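Got the viewer open and a selection box ready? Let's take a walk through this one, stop by stop.

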Amino acid sequence: MFWNKGSQAEERKDKKSWKKEQYWIAFAVLISLVIFFAALSFRFPISSIAGGRIEKKQAKITFALKEADQLYQAFYYDEALERLQQESDLITDDDSDPIVLKMEEIKKAKDALVKYEGPVHHVFFHSLIVYPQLAFDNVGHSAQGYNMWMTTVSEFKKMLPLLYERGYILYPLEACIEANPDKQGEVQLKDIYLPPGRIPLVISIDDVNYYDYMKPDGFANRLVLGKDGKIWTEVITPEGETVCTRDGDVMPILDDFVAENPGFSWRGAKGVMALTGYEGALGYRITDDLPEEAKWQEEVKAIADVMKENGWAFACHSYTHNSKWFREGKATLKQVIYDTDRWKEKIEPYIGKTEIYISPFGFSWKNDDPRYRYIIEKGGYHLFCPVGNSRKFILNGDNIVMPRINLDGYTMNVRPGEVDTYYFDVNQVISPERPSLNL
Ligand SMILES: [Zn+2]
C-alpha cells in the first residue's frame, strides 16, 4: 500500500481498505489455525497422546520391576527396594499395584532370612582339565598326578547344578569373619544370614598361574580380559590353535553359571583364586624380569580388578610352592620369611591385598610356631586355609583356620560316600575318560 499525504479523501479510502485488509488477514490466520489443529489432532488424536503417556508410564514400571527383580534374585534386598522407591510417583492406591506387591515380596524374603548355624563348606580345585586326552596320555607330566589332583571341565560343569540343588550358595570367604570389637587385632566369626535351607559354600582354585609344565597337557594357557569386559580362558587346542573360550577353567564357567542362576550366589560371590609367584600369575610371567614384564603386570592388574568387581577374591598360596619347604612342613623360618615377603613384593601389588592364605600342599602349623606367626603377622592374613575334611573352624585369636576339601579325582574315587553325603552323587559327575586310579 502507498500512503499519499496530499489527499484526505484518498487517505480515508486507504484507511478503509487497510481495515478491510486486516479483517481478511485475521480471517485467513483463523482458518489456517483451524486447519492446522484439525490436521494435528488427526495425526495425534488426544486419546493417542494420553495413550502414549500411559504406555510410557507402563514401560517405566516394567523396567523398574525388571531391574529390582534382578537385584532381588541376587539377594540385594535393600538395593532392590531402593530401586522401586525411585518410582514412588508411579505407585497407585490400587491394592494390586505391581510395585507395591513386589516391594512386599522383597520385604517378606528379607525378613525370612535365618542365621546359618552349620559349617561353611569350602571346596577347592586346581585348574581344570580341558582336554582329558592330553592330560591322561602320559606324555609330559604323569597322568596319575592329574588323575588324582585335578578335575575335568565336564565334571565341574556337572557339579554346579547338583550343588545348587542341594541348597549350596556361593558365599564370600572374607565375609565369614570380622574384627573382634572387644579384642584389638583379633578376629571372630561373623553371623551369616541366608534364606532358609541354604548352605554357604566357598570355592577356591589353587595355583592359578598356568605353569609351563601343564600347558601341553590340555589345560588353559592363561586368563584374558575380553572386549566384552568378561574374563575368558585362552586355550591351545590339540591341533595347536589358540582360542579364547568360556569354559577353559573354573572362572568363566562359574561367571556364566551365576549369570544364569543368580540364586546360586550370595550377592554375586564367586570364588577365591590362590596364586603363587612361581612363573608369574594368571598365565603372565610377571616375576622373571622379562622385557615385557611391565605390560604383563598391567594386564594382570586389569584382570584382577575386573574379577574383584565380579565377586572374586585372591589368596596367597606361597610364592615358591617349594615342595621341600612346604610338603612336609620342613621350611626354616628364613625360608618362610623369604617366601612370604617375596609374594607381597612381587604378586600383591597387582592383585591387591588379601586376608586369605591358602597353604601349599595343604600344610598346617601350630598357632605359636614362629614360622606360622611370621606368615600371619607379617602377611596380615586372618584366614588360613589348609586341606582337611573336618569342616570345622579353629579360632586362633588373630587368625581363623578353615580347612578345605579337594573335589578331584582322588576324593571322588577314594571317598565317594562322603562326597555323596555332602555334595553330589559321584556317578553323575565323574568323567569316563579318567584312567583307573592306582593308589
Ligand atoms: Zn598348590
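Start by selecting residues 293-309: this is helix 9, and it lies across strand 8 and strand 9. Look at its direction against strand 8, and you should find an angle of about 75°. One thing to keep in mind as you click around: this is a predicted model.

**The sheet under the helix**

Now bring up the strands. Which order do they take in the sheet? The order is 8-9-10, in an open sheet of three strands with antiparallel pairing. Colour strand 8 (220-225) and strand 10 (242-245) first, since these are the edge strands, each pairing on one side only. Averaged over this sheet and ignoring direction, neighbouring strands are turned by 30° against each other.

As a reminder, strands in a sheet pair through backbone hydrogen bonds, and the pairing can be parallel or antiparallel. Add residues 231-236 to see strand 9, which makes five bridges with strand 8 in the antiparallel sense. For a spot check, pick Ala 220: opposite this residue, in strand 9, stands Val 235.

Next, select residues 250-260. That's helix 8, packing on the sheet and touching strand 8 and strand 9. The direction of helix 8 makes about 140° with that of strand 9.

**Two backbone oddities**

Time for some torsions. Most residues other than glycine have a negative phi. Go to Glu 279, in the loop between strand 11 (271-275) and helix 9. What is the phi of Glu 279 near? The value is near 60°, so positive, in a residue other than glycine. Is Glu 279 buried, exposed or partly exposed? Partly exposed, because 18 C-beta neighbours lie inside 10 Å, while buried would take 20 or more.

Then jump to Arg 391, in the loop between strand 14 (383-385) and strand 15 (394-395). Arg 391 is not a glycine either, yet its phi is positive at about 55°. Within 10 Å there are 15 other C-beta atoms, so Arg 391 counts as partly exposed.

**Last stop**

Select residues 333-346 to light up helix 11, and find Tyr 338 in it. Tyr 338 has 16 C-beta neighbours inside 10 Å, which means partly exposed. To finish, draw a C-alpha to C-alpha distance from Tyr 338 to Asp 247: you should get 36 Å, for two residues that sit 91 apart in sequence.

Definitions and conventions. Residues are numbered from 1 along each chain as its sequence is written. This is a predicted model: local features need pLDDT of at least 70, side-chain atom pairs count only at pLDDT 80 or more; totals for chains, interfaces and linings use all residues. Helices (H or I, at least four residues) and strands (E, at least two) are DSSP runs, numbered from the N terminus. A residue is buried if 20 or more other C-beta atoms lie within 10 Å of its own, exposed if 12 or fewer, and partly exposed in between; C-beta atoms are placed from the backbone. Two strands pair if DSSP finds at least two bridges between them. Axes are lines fitted to C-alpha atoms, for helices over the stretch in contact, and angles run from 0 to 180 degrees between N-to-C directions. Two residues are in contact if their C-beta atoms, placed from the backbone, lie within 7 Å.
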